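Hi there,

Here is the structure I promised to pass on to you. Have a look at it first, and then read my notes below.

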Amino acid sequence: EQIKKIKTAIEEAINVVDLGPSEKKESIEPSHEIHREGFNTREEDFISTHSTPYVEVAFVVPRHYEPHEVSLHVMMDVVQRIIKAESPIHEQEVVSRVRDLWGKRRAGSRIDKCVKDAMEKVRLSSFCNYSDKCLYMPDQTIPVRDRSEVISTSLRKPELLPPIELQQAIREVVTASHGADADGLTTSVAR
């Protein structure tokens with residue numbers, strides 16, 4: 001089920017990315033695969049050179065208050081720090097990160113509302129851009145991040161992956177492989 005969701009998310013991102021006329025070349029599939037001991041596969045090599053580990057932000061928050069009890073200004077500061085460190089980030093992941101910073105197992109409706117109000121104010125202040133329920137810094141080079149070692153399992157949920165990051169991964173795969181077919185793109189980007 002998760003694999004289908006990831007494949008769907010990547011295929012949707014492929015449709016959005018403008019590959020340009022020179023990059024829409026058919027790929028030539030090798031007739032056989034060569035395996036060498038001690039060498040990375042092309043995909044593993046790509047991951048290590050074109051992605052960076054996803055870093056989940058952690059900092060001290062005023063835990064003597066519940067998250068929904070802090071002022072809007074304090075919560076806006078927390079939200080801005082999360083966005084700045086983890087951009088692009090899905091708005092639901094911002095709520096999860098606030099919950100984690102306060103050591104909560106779940107975010108109830110009051111915490112959810114407080115964080116969403118702060119995100120709205122941050123967006124309206126032009127601190128960040130907002131697209132497809134994701135927040136990211138203006139003029140940011142969009143990173144392609146490896147989520148294999150993250151603590152927050154929601155960071156691997158296909159519906160919470162920032163489309164802008166998937167689109168960047170697609171561009172990088174096409175550039176690195178001098179063109180790729182849809183199946184090759186889906187596999188490489190998913191990794």
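Lys116 is a good place to start, and please keep in mind that this is a predicted model. With a relative accessibility of 35%, Lys116 counts as partly exposed, because that value falls between the 20% limit for buried and the 50% limit for exposed. The residue belongs to helix H5, which covers residues 109-124. Along the chain, Lys116 and Met75 are 41 residues apart, and their C-alpha atoms are separated by 9.7 Å.

Arg97 is the other residue I looked at. You will find Arg97 in helix H4, residues 91-101. Its relative accessibility is 2%, so Arg97 counts as buried, the cut-off for that being under 20%. Which residues is Arg97 in contact with, once its neighbours within four places in sequence are left aside? The list is Tyr54, Glu56, Val57, Ile82, Glu86, Ser152 and Leu155.

Now for the chain as a whole. It has seven helices and five strands, and from the N terminus on the order of these elements is α-α-β-α-β-α-α-β-β-β-α-α. The chain has 191 residues, of which 39% count as buried. Its exposed area comes to about 12,100 Å², with 50% of that supplied by carbon and sulfur atoms. Looking at contacts with a separation of 6 or more, 71% of them are accounted for by residues 24 or more positions apart.

Happy to talk it through whenever suits you.

Best wishes

Notes
Residues are numbered from 1 along each chain as its sequence is written. This is a predicted model: local features need pLDDT of at least 70, side-chain atom pairs count only at pLDDT 80 or more; totals for chains, interfaces and linings use all residues. Side-chain values use heavy atoms; hydrogens and water are left out. Helices (H or I, at least four residues) and strands (E, at least two) are DSSP runs, numbered from the N terminus. Buried means under 20% relative accessible area, exposed over 50%, partly exposed in between (1.4 Å probe, protein chains only). Contact means heavy atoms within 4.5 Å. Accessible areas come from the Shrake-Rupley method with a 1.4 Å probe; for residues, only the protein chains shown count as cover.
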